[in-house]
Amino acid sequence: MPRALINVPQSVPRGTVFEIKTLVSHPMETGFRPDESGKLRPRDIIHTFVCTYNGEELFRAELFPAIAANPFLTFTAVATESGELAFHWTDDHGATHTETARITVT
């Protein structure tokens, strides 16, 4: 089952820029590799990754076949209020996954 390792600080002072790191577990098949019988394997990559902060979109990435398996994404945000960071990603088969992390703003 696909999942993400998420690294965010548990608490951050209000107004501080903090770093968010995610490592998304996904095989990321490009569609260019043959299987054992010589047929091309169907493409299956994460094509959209979105992070929301208390329901508001904070970060969006559109991914393409050149992306590595298990993509690592890092970005920053400003701590405005305590709440939830939600990480959503969708692959070529339409599967959507979500992971969450809480942050406390002091």
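**Exercise 1. Characterise the aromatic pairs that involve F49, giving geometry, location and burial.**

Solution. A search of the whole structure, which is a predicted model, returns four aromatic pairs, where rings of Phe, Tyr and Trp (its six-membered ring) pair if their centres lie within 6.5 Å, and where planes under 30 degrees apart count as stacked, over 60 as edge-to-face and the rest as tilted.

Step 1: F49 and F59 form an edge-to-face pair, with 6.2 Å from centre to centre and 65 degrees between the planes. Because F49 belongs to strand β4 and F59 to strand β5 (residues 56-62), this pair ties together parts that are 10 residues apart in sequence; strands here are DSSP runs (E, at least two residues), as helices are DSSP runs (H or I, at least four residues), numbered from the N terminus.

Step 2: for burial, the classes are buried under 20% relative accessible area, exposed over 50% and partly exposed in between (1.4 Å probe, protein chains only). F49 has a relative accessible area of 1% and is therefore buried, whereas F59, at 22%, is partly exposed.

Step 3: the rings of F49 and F87 have centres 6.4 Å apart and planes at 40 degrees, so this pair is tilted. It links distant parts of the chain, with F49 in strand β4 and F87 in strand β7 (residues 83-91), 38 residues apart, and both F49 and F87 are buried.

Step 4: ring pairs join F49, F59, F75 and F87 into a cluster.

The numbering of residues starts from 1 along each chain as its sequence is written. Local features need pLDDT of at least 70 and side-chain atom pairs count only at pLDDT 80 or more, while totals for chains, interfaces and linings use all residues, and side-chain values use heavy atoms, with hydrogens and water left out.

**Exercise 2. Describe the surroundings of R60.**

Solution. Step 1: R60 is found in strand β5, and because its relative accessibility is 43%, R60 counts as partly exposed.

Step 2: once neighbours within four places in sequence are set aside, R60 is in contact (heavy atoms within 4.5 Å) with T48, F49 and V50. R60 and I46, by C-alpha to C-alpha distance, are 12 Å apart in space and 14 residues apart in sequence.

Step 3: a polar contact is a pair of N or O atoms within 3.5 Å, of which, within protein, one must be able to donate a hydrogen and the other to accept it, and residues adjacent in sequence count only if both atoms are side-chain atoms. The side chain of R60 makes such a contact with the side chain of E57 at 3.0 Å, and another with the side chain of E62 at 3.5 Å.

**Exercise 3. Is E29 buried or exposed, and which residues are in contact with E29?**

Solution. Step 1: E29 lies in the loop between β3 (17-24) and β4 (46-53), and its relative accessible area of 13% is why E29 is classed as buried.

Step 2: apart from neighbours within four places in sequence, E29 is in contact with R41, P42, R43, D44 and I45, and a polar contact of 2.7 Å joins the side chains of E29 and R33.

**Exercise 4. Summarise the protein as a whole.**

Solution. Step 1: the protein has zero helices and eight strands, and its C-alpha trace spans about 60 × 20 × 20 Å along the principal axes.

Step 2: of the 106 residues in the protein, 36% are buried, and residues 24 or more positions apart account for 58% of the contacts with a separation of 6 or more.
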